[in-house]
Amino acid sequence: MDNENILISGASIAGPALAYWLTRYGFRPTVVERTPALREGGYKLDIRGKAVEVVERMGILADIRQVSTGMKEGTFVDRNGKAVVSMSAEFFNSRQEQDDEVMRTDLSRIIYERTRSDVEYLFNDSITSITEGQNGVAVTFERGKPRVFDLVIGADGIHSNVRRLVFGDESRFLHNLGAYISIFTAPNFLDLDRQELYYYAPGKFVSLFSAQDRSKAMSFFFFSSPPLSHDYRNIEQQKGLLTSFFSGDGWQIPRLLKDVWDAPDFYFDSVSQIHMDRWSAGRIALLGDAAYCPSPASGQGTSLALIGAYVLAGELALASGDYTTAFTRKRQKAPGFSQGDRWRRKPAAAGRPPSLDRRQSLC
Ligand SMILES: Cc1cc2nc3c(=O)[nH]c(=O)nc-3n(C[C@H](O)[C@H](O)[C@H](O)COP(=O)(O)OP(=O)(O)OC[C@H]3O[C@@H](n4cnc5c(N)ncnc54)[C@H](O)[C@@H]3O)c2cc1C
């Protein structure tokens, strides 16, 4: 196998999932993550369609089922908190067959735990330069010593550092859909039990739910807005923006806007998509939200990341590490892979990677 020594930037979903498959196929991945530990936070994430089969093949479906949110019901409330209409969570989320829903933190932790003994993780660091040569990629880091890798994969999210360093400024690829979201943990002061409450106002939406851990609730804020010129790393500034957009609103919003200042896991971002003509350049490629973020509004980002990781690692293995062939095939085959249903008819045993020949025929 050629090009075994692979650096992945980003340890959320796409990065560790890719590391899992690369290790199984005999590569040696290293994952660098900017935050000092696995990043917590985020709302409920859907695992749908083919992605369910990917996690089954990773041997983590049972772990995922154990931490499934198990949501029972959603209720729309008015500005006084009076219930307007309730519906079952299954109906509201239009989930099908084996689809599941987990907290982002839980899914990220499960994949990390599955890979941590076989994969080198470098937390609290970030790539500062990437220089491709004939025989590898020279990488410098904010903290660690410079190193040379065979390949570099950017799985570092919608504001990808690798994409900026190799493909150019984010403004060329990011399409703001005209809205913002914020997600943070709050006390479960309404004693919700696998219930979600939704509050709508013109151009605004807020929800609150509690799932497995009833000691806390998760709140979700959404508002329409033309693009804001905010710093996506400045959390205090983002909390201020959220507070001013929702000041004077009804229901439990005043209470949540007090809680936001103590939230341990505040997340704020635009609802945006990433559009790129190509996801690779030489020995460097992008994966997950870094390459093709469909926006949090789609509910598909996690499934696409999981499937993309599976396909990319499989193509590298099929091509015996020949990255030119693998990156081209990944680009050509990933869309067909996610649309077809041939694979669904032939489920594999849990945890077993598909044979490479069979993978090829399925993509
Ligand atoms: C904290 C958080 C909360 C989220 N909440 C939601 C949500 O509620 N709903 C939803 O639909 N989607 C959410 N997302 C996005 C969702 O995780 C992705 O759409 C999807 O799972 C694909 O994941 P990804 O691994 O490609 O990207 P992401 O999940 O965005 O992960 C990118 C990773 O790269 C890391 N990173 C960033 N910059 C660098 C750098 N310079 N060097 C090294 N590492 C870096 C980040 O810290 C992160 O761990 C959230 C993402 C994060 C990070």
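This passage describes the ligand site and the strand arrangement of a predicted model.

The surroundings of the ligand are considered first. The shell around the ligand comprises 29 residues, of which Ser12, Glu33, Tyr43, Ile183 and Asp289 come nearest. When these surroundings are sorted by class, nonpolar and polar residues contribute 11 each, and a further seven residues are charged. Oxygen atoms of the ligand take part in several polar contacts with the protein, among them one with a backbone N or O atom of tyrosine 43 at 2.7 Å, one with an N or O atom in the side chain of threonine 302 at 2.9 Å, and one with a polar side-chain atom of arginine 39 at 3.4 Å. Of the 920 Å² of accessible area that the ligand has on its own, the protein covers 93%. Two elements, strand 2 (28-33) and helix 10 (301-318), give two or more residues to the shell around the ligand, and helix 10 gives the most, with three residues.

Strand 2, which contributes to the ligand shell, also belongs to an open sheet of six strands, arranged in the order 7-2-1-11-18-17 and mixed in its pairing. The edges of this sheet are taken by strand 7 (120-123) and strand 17 (280-281), each of which has a single partner strand, so that one side of each is left without a neighbour in the sheet. Within the sheet, strand 1 (residues 5-9) runs parallel to strand 2 and is joined to strand 2 by five bridges, and isoleucine 8 has valine 31 of strand 2 as its bridge partner. Helix 1 (residues 14-24) packs on this sheet, where it touches strand 1, strand 2, strand 7 and strand 11 (151-154), and the direction of helix 1 makes about 165 degrees with that of strand 1.

Antiparallel pairing is found around strand 15 (residues 216-224), which pairs with strand 12 (residues 174-187) over nine bridges. In this pairing, phenylalanine 184 stands opposite serine 219 of strand 15. Strand 15 is also joined to strand 14 (residues 204-210), by six bridges and again in the antiparallel sense, and here valine 206 has phenylalanine 221 of strand 15 as its bridge partner. Strand 14 and strand 15 together form a hairpin, with five residues between the two strands.

A further open sheet is formed by three strands in the order 8-9-10, with antiparallel pairing. Strand 8 (127-132) and strand 10 (147-149) stand at the edges of this sheet, and because each has a single partner strand, one side of each is left without a neighbour in the sheet. From one strand to the next, the twist in this sheet averages 25 degrees. Strand 9 (residues 137-141) pairs with strand 10 in the antiparallel sense over three bridges, and in this pairing valine 137 stands opposite phenylalanine 149 of strand 10.

How values were computed: Residues are numbered from 1 along each chain as its sequence is written. This is a predicted model: local features need pLDDT of at least 70, side-chain atom pairs count only at pLDDT 80 or more; totals for chains, interfaces and linings use all residues. Side-chain values use heavy atoms; hydrogens and water are left out. A residue is near a molecule or strand if one of its heavy atoms lies within 4 Å of it. A polar contact is a pair of N or O atoms within 3.5 Å; within protein, one must be able to donate a hydrogen and the other to accept it, and residues adjacent in sequence count only if both atoms are side-chain atoms. Accessible areas come from the Shrake-Rupley method with a 1.4 Å probe; for residues, only the protein chains shown count as cover. Helices (H or I, at least four residues) and strands (E, at least two) are DSSP runs, numbered from the N terminus. Ala, Val, Leu, Ile, Met, Phe, Trp, Tyr, Cys and Pro count as nonpolar, Asp, Glu, Lys and Arg as charged, and the others, Gly among them, as polar. Two strands pair if DSSP finds at least two bridges between them. Contact means heavy atoms within 4.5 Å. Axes are lines fitted to C-alpha atoms, for helices over the stretch in contact, and angles run from 0 to 180 degrees between N-to-C directions.
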